[in-house]
Amino acid sequence: MKFTDGFWQTRTGVTALYAQEAYDIERVGQSLRVTAPTRVIATRGDTLNRPALTVSLSSPLDGVIAVRIENHLGSAHHRGFELPGAVNVEPEIRIDSAGGALISGSLTARVEAGSPWNLSFASNGRELTRSGRKSIGRMDLAPDAAIVIEPVGEVGASADGRPTATRYLHGQLSLSVGELVYGLGERFGPLIKNGQTVDIWNADGGTSSEQAYKSVPFYLTNRGYGVLVNHSEHVSFEVGSEAVEQVQFSVPGEVLEYFVIDGPTPADVIERYTQLTGRPAEVPAWSYGLWLSTSFTTNYDEKTVSRFIDGMIERDLPLSVFHFDCFWMREFNWTDFEWDTRVFPDPDGMLARLHGKDLRVSVWMNPYIAQRGSAFEEALAGDYLVKKQNGDVWQWDMWQSGMALIDFTNPDAVTWYQGKIRTLLEQGVDAIKTDFGERIPTDVVWFDGTDPAAMHNLYTQLYNKAVFEVLEEYRGKGEAVLFARSATAGGQQMPVHWGGDNSSSFESMAETLRGGLSLAMSGFGFWSHDIGGFEGMPDSAVFKRWVAFGLLSSHSRLHGSTSYRVPWLFDDGAEEPGQSAVEVTRLFAQLKNRLMPYLLQVGRETHMTGLPVMRPMQLEFPNDPAVDYLDRQYMIGSQLLVAPVFSASGEVQYYLPAGRWTNFFTGEIVAGGSWRTETHAFDSIPLWVREGSVLPLGARTDRPDYDYLEGLDLAVYPSQSDESRRITVTTPDGRETAFTVSWSGSEVRVDSSVAADWTWHVIR
C-alpha cells in the first residue's frame with residue numbers, strides 16, 4: 001500500500017504525519033516509552049495542535065523486542081496473534097542524555113534522544129536494521145485519496161478497491177546493501193520478496209496468482225533477523241518497493257505493533273519465531289507415506305475406491321492413506337457430516353474394510369454449511385452461524401447454494417462442530433482435510449464482537465484449531481493429522497498443510513515448490529502438494545517428474561480435480577524398463593519408506609525446534625551467497641539435497657554448496673561449490689548426501705510405519721576431518737536408540753548401548 005508519490009511528495013488525498021523526534025524517553029515497568037511528536041518541539045507553542053505518537057519497547061521473549069506505536073490510546077486496540085511462547089522477560093533498560101536502550105539477550109534496541117527520529121536494532125553490537133527519519137507515520141486519507149488496495153473489493157475496500165479506512169499507521173525498517181527478504185507466507189511468485197507489494201489477506205486464488213492461502217505477516221532476511229507484524233487484520237507490505245531502501249508495513253487504525261527477532265542465523269530466527277508463536281505438533285509415521293485421493297469432481301463409489309486400492313496392491317505400490325474428497329457427502333449438502341448413502345451405502349463397513357487393508361482414511365471438510373443439509377437446521381437453531389449486521393444469517397451461493405459459515409468465536413458452535421468431527425473419528429476416520437477458510441466476509445457480526453477485518457485472516461486459525469483439538473483428544477498427541485489449505489501466523493502448530501490448487505504443468509510444479517519454500521521461511525514445518533497438479537490432466541512426463549518431487553517432500557498426496565491420479569492412467573507401460581509411471585511411483589514410494597528412520601527424526605526435530613522438514617537452501621547455508629536466490633532445490637533436513645527435474649527431457653541445473661557430496665543412488669563423490677547440469681531419466685533425480693552425514697535407512701519399503709531397528713542400516717558419509725556424530729533413531733511407537741559414529745583417517749567406529757539387528761557401512 002503506497003502513500004507517497006516519489007521521494008518528496010505524498011499521493012493525492014494523503015496527509016502524512018511522521019515521528020520527528022524522541023521528545024522524552026522514560027521507563028514504564030518493564031518497557032521503554034517514547035513520546036514522538038510529529039514536529040520538532042522548539043518552543044512550548046510547538047506542543048499545541050499537533051499529534052504525537054507513543055512508541056513503547058518491551059520484550060516478550062529473550063532475543064525478541066516488541067515495538068508498539070500508538071496514536072490515540074483510547075482507540076489503540078487491535079487483535080494480534082496468540083503467542084504461546086511469550087514470557088514477558090525483564091529486559092535491561094538504560095536511559096541517559098543520549099537516548100534509551102532496551103536489551104533482551106543478544107538483541108538491543110536503542111532510541112536516540114532528539115531529532116531526527118532514530119530507532120536502531122543491533123545483535124551483539126552489529127546493527128541489523130533501523131527505523132529512521134519518516135519511518136514511523138500516521139497517514140490520514142481523504143475520500144479522494146489516490147490509494148488503491150488489491151485485491152479489489154477486499155481488505156476493507158470499496159467496490160473499486162479504494163480503502164474505506166481513513167487512518168493508517170505505518171512503520172519502516174531499513175534494508176542494507178545486498179539484504180534479501182524471505183517469508184510472508186506461502187507465496188508462489190519469486191522467493192525473494194524484494195521489490196514486491198505483499199498484502200496479508202487470505203484468498204482462494206490458486207497457485208498461479210499473487211494471492212495466498214496462507215498469509216503470514218512475518219519475514220526474515222539474510223542479515224540474520226526477522227520481523228513479525230502482530231496484526232491479524234490486513235497488513236500491507238512494501239518490500240523495497242515504495243521506498244527501495246526500506247521494508248514498509250502499514251495497518252488501518254490507531255496502533256501498529258511489530259516484533260524484531262534476533263538470529264544470528266536464519267535458522268535461529270525460525271527457532272525463536274516458532275518458540276514465540278508455537279512449534280509444529282509431531283505427526284505420526286504413517287502420515288509420511290503415500291496418500292491417494294478420489295480426486296474432486298470425478299465419479300466414485302466404494303467399487304471405484306476398491307478398484308484403485310486393489311490396483312495399487314497388485315502393482316506393488318505402497319499406499320498409506322486413502323482420501324475421500326467432497327463427494328463423500330451428497331451434493332448441495334456440504335458440510336452436513338453425513339455419508340452419501342447412494343454411493344456409500346455401508347460407510348461403517350467400508351471404513352472397516354479399508355482398515356483391514358492396513359490403510360488410514362482421510363475425509364474432506366470445510367467450515368461452510370449449505371442450507372439443504374440437515375446440519376444447517378441444527379446450526380441455525382443453535383445460533384452457531386455468522387450473522388449479518390441486521391441479525392440475519394450471512395449466506396451466499398458461491399461454492400454451495402445458500403451456504404452459511406460456522407462462527408468459531410462462539411464456544412457452543414465449536415463444541416457442536418467438534419462433536420460432528422468426533423462422530424466421524426468414532427466411525428473410523430483417521431485424518432481430516434480442512435479445506436477452505438479463506439473466503440471470510442467482512443460485512444458480518446461475530447459472536448464475540450471481534451472486528452470482522454481482524455477475523456478474516458484469523459478465522460482459519462480457529463477453524464483448524466477446532467478440528468485439530470478433537471483429533472489430538474481422540475487419537476492422542478503425535479497422532480493427529482490435518483491436511484489444511486489455509487493458515488496464518490501460528491497455524492504451523494496444526495500440521496499438515498498443502499499448497500492448494502495448482503495446475504498440471506512444469507511451470508506450476510515450479511511455482512508450487514516456490515510456495516512451499518516461502519512457507520518454510522514463514523515458520524511452517526510440514527508441507528505437501530497435489531502430485532501431478534490439481535487442475536487438468538498431466539501428461540506422462542509431468543506426472544512422473546512430479547512423483548519424484550512429491551515423494552521427496554515431507555508429505556505426499558496424489559490428488560486431482562476432474563481426473564484421477566492412479567499411476568497406471570499416465571502411460572501404457574510400454575516405456576523403457578523402469579520408466580513407466582507405475583515403476584517410477586513404486587521406486588520413489590519405496591525409497592521414501594526406506595528413508596523413514598531419517599525422515600521421522602527430521603520431523604521430530606521440526607517439532608522440537610520449528611525448523612522445517614523441507615529446508616530452503618538459505619536456511620542450511622546462510623554464509624554461501626550463491627544460494628541466496630535458489631528456488632528450484634532444497635534440503636530434506638540437514639543431510640539430503642534434492643533438485644527436482646522440471647522438464648520432460650530430464651535436463652536439470654542445480655548448485656552444490658562447498659564440501660564433498662555423495663550421490664545417493666550411484667555413490668559418486670564430487671566436490672561442491674559449483675553448478676551442475678545433468679540429464680536424468682524418469683527413475684532418477686539429483687539426490688545428494690552431505691559430507692559428515694550418518695543416514696539411518698530402514699529395511700522395509702512397503703510401508704512408512706514399521707520397527708526401524710529391525711534391519712536398520714547406518715550409511716556413514718565421513719567428512720575429511722576427524723569428527724564424531726551422535727544420532728538417534730526413534731521407532732513409530734516411541735522407542736529411542738542412540739548411536740555414536742566417529743571417524744579418524746580411514747577408521748570408522750559405530751557404538752550403541754542397545755543390541756539390535758542393525759548394521760552399518762561407509763561410503764567414501
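The following exchange concerns helices α4, α5 and α6 of a predicted model.

Biologist: Why are α5 and α6 called oblique to each other?

Modeller: The axes of α5, residues 411-427, and α6, residues 452-475, cross at roughly 45°. Angles under 35 degrees count as roughly parallel and those from 65 to 115 as roughly perpendicular, while the rest, short of the antiparallel range over 145, count as oblique, and the two helices are therefore oblique. Their axes come within 9 Å, and the crossing is right-handed.

Biologist: Which residues make the contact between α5 and α6?

Modeller: With heavy atoms within 4.5 Å taken as contact, α5 contributes Val414, Tyr417, Gln418, Ile421, Arg422, Leu425 and Glu426, and among the residues from α6 are Tyr463, Ala466, Val467 and Glu469. The residues of this contact divide into 10 nonpolar, one polar and five charged.

Biologist: What makes the buried residues of α4 line one face of the helix?

Modeller: In α4, residues 374-382, the buried residues are Ala375, Phe376 and Ala379, buried meaning under 20% relative accessible area. Viewed down the axis of α4, they fall within an arc of 105°, so they line one face. In general, an α-helix has 3.6 residues a turn, so residues three or four places apart point the same way.

Biologist: What does the face of α4 turned away from its buried side carry, and what do the buried residues pack against?

Modeller: The face turned away carries Glu377 and Ala381, which are exposed, that is, over 50% in relative accessible area, whereas the buried residues pack against β25 (368-369), β27 (404-405) and α5.

Methods: Residues numbered from 1 in each chain as written. Predicted model: local features only at pLDDT ≥ 70, side-chain atom pairs only at ≥ 80, totals over all residues. Heavy atoms only, no water. Axes fitted to C-alpha atoms, helices over the stretch in contact; angles between N-to-C directions. Helix = DSSP H or I, 4+ residues; strand = E, 2+ residues; numbered from the N terminus. Left-handed = near helix turned anticlockwise from the far one by under 90°. Nonpolar A, V, L, I, M, F, W, Y, C, P; charged D, E, K, R; others polar. Buried < 20%, exposed > 50% of the residue type's maximum accessible area, 1.4 Å probe, protein only. Arc of directions from axis to C-beta.
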